[in-house]
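Visitor: I would like a close look at a single part of this model, namely its salt bridges. Please take me through them in a connected account.

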Amino acid sequence: MNFSVQPQSEVAFSGRKSQKPLKYQKDTLLNNNLKTKFEMGSDKLVKAFTKYPAKGLKGDRNSNFYEFLTMGTVPYLLGSAALMGVFNLANKFFTPFAQSKAGSIGKKMALGVAFYGIAKEASKALINKPVKAMTGVDTEMPYAKVVEGFPKFEGDTNTKAVEYHKVFESVEFPRYDLLYGKTNEDRNAYYDKIAKKLGLGENLASSDKEVKPRLKEIIARSNTAKSISSYLWAATGVGIAIQKPWDNFFVAAKKGKGFEKVKNMARSFGNNFVKSVKDLWTGGANPTKVQKYAGKALIGAAVAATVIGVANTVINAKKSAKLEDKNIFDENRKVVVD
């Protein structure tokens, strides 16, 4: 007779309910719209604070580099909250006059942190949208990746997980396979569209082979442009947040109740945002020589980096496409090989 004891792990998991079916059963291309961005962002944020840290602390071998990078959101948000708290929580220990001054600085600090993050992410669209319009390439195209993990016990079938990535996340290894059509008729439809946009021609025999080298160039150049311009726009966001007109917004935010209060805040936010941008550009009411030109330099640098980044990406992509059409070798010239 066999009196072997069932392993503890199997006992622990044998009665567990089956895992909720995954939203995606295979790697799936997603629409690049606000709904998708919200779903991806909320999924990553929740798991970064709950599931992924728990897996790492338990030593789960299914914990991977994607989860590690996703958890980078945690220190960013906690650090931002701590930065806000340092300038706001100690206000009650100050005199009334000092409290009002510190309160204003603290609120602007909080606003600056928010504007920094928003401007840094939103500014990527200033590169992506024009590049997409002129080349047809959406460098931020998302997809859901189904990852197969290691089983935790014998007979474990709940080993799959969904990760959110971008098709052109890797310059060297983009997910070209997701861009092909499902039938022979539309197999190269995506590549045909890009080839036409870049001036490579129409009805090409192998448009995918012609387009892929151009895609890599577009990805590399646009990624560099986004990296440079996003930090300049983030700095611009901080510069807007520290302007004097926001003091009026903080006062207006305390007035009214319920819907009326929200309405007042929205109106005041819009008005003071415009005024703050103007103050950053002009330097305020009585600017020093440095203040008079610092804002212009910052905004100008952000705009210039964006325009140059888009131009560099698009012009070089179309230029290389034209060079591809030229015959480098003269067929009429004789070549002698020793």
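Guide: A salt bridge is taken here as a side-chain nitrogen of Lys or Arg lying within 4 Å of a carboxyl oxygen of Asp or Glu. By this rule, the count comes to 13 salt bridges in what is a predicted model. Side chains of opposite charge can pair when their charged atoms come close.

Consider Lys226 and Glu140, whose closest N and O atoms are 2.4 Å apart. Lys226 belongs to helix 9, whereas Glu140 sits in the loop between helix 7 and strand 2 (142-148), so this salt bridge ties together parts that are 86 residues apart in sequence. Lys226 and Glu140 are both buried, a term that stands for under 20% relative accessible area.

Glu140 also leads to the largest pocket, since it is listed with Lys44, Glu121, Lys124 and Lys166 as the residues nearest the centre of that pocket. The pocket has a volume of about 1700 Å³ and is lined by 41 residues. Among the elements that give two or more residues to this lining are helix 7 (124-135), strand 3 (160-166) and helix 9 (207-241). Helix 2 provides the largest share, 8 residues. Sorted by class, the lining comprises 16 nonpolar, 15 polar and 10 charged residues.

A further pair is formed by Glu67 and Lys55, with 2.7 Å between the closest N and O atoms. Glu67 is part of helix 4 and Lys55 of helix 3 (residues 51-57), so the salt bridge joins parts that are 12 residues apart in sequence. Here, too, both Glu67 and Lys55 are buried. Helix 4 (65-70) is itself one of the elements that give two or more residues to the lining of the largest pocket.

Within helix 9, the side chains of Glu217 and Arg214 meet in a salt bridge at 3.7 Å, N to O. Glu217 and Arg214 are 3 residues apart in that helix, and therefore about one helical turn separates them. Is each partner buried or partly exposed? Arg214 has a relative accessible area of 6% and is therefore buried, whereas Glu217, at 25%, is partly exposed.

Finally, salt bridges may also be linked to one another: Asp27, Arg175 and Asp177 are joined in a network of them.

Terms used. Residues numbered from 1 in each chain as written. Predicted model: local features only at pLDDT ≥ 70, side-chain atom pairs only at ≥ 80, totals over all residues. Heavy atoms only, no water. 1 Å grid on protein atoms, 1.4 Å probe; cavity = no way out; pocket = protein on both sides within 12 Å on 5 of 7 lines; lining within 4 Å. Points joined across faces, edges and corners; volume = space filled by probe spheres on them. Helix = DSSP H or I, 4+ residues; strand = E, 2+ residues; numbered from the N terminus. Nonpolar A, V, L, I, M, F, W, Y, C, P; charged D, E, K, R; others polar. Buried < 20%, exposed > 50% of the residue type's maximum accessible area, 1.4 Å probe, protein only.
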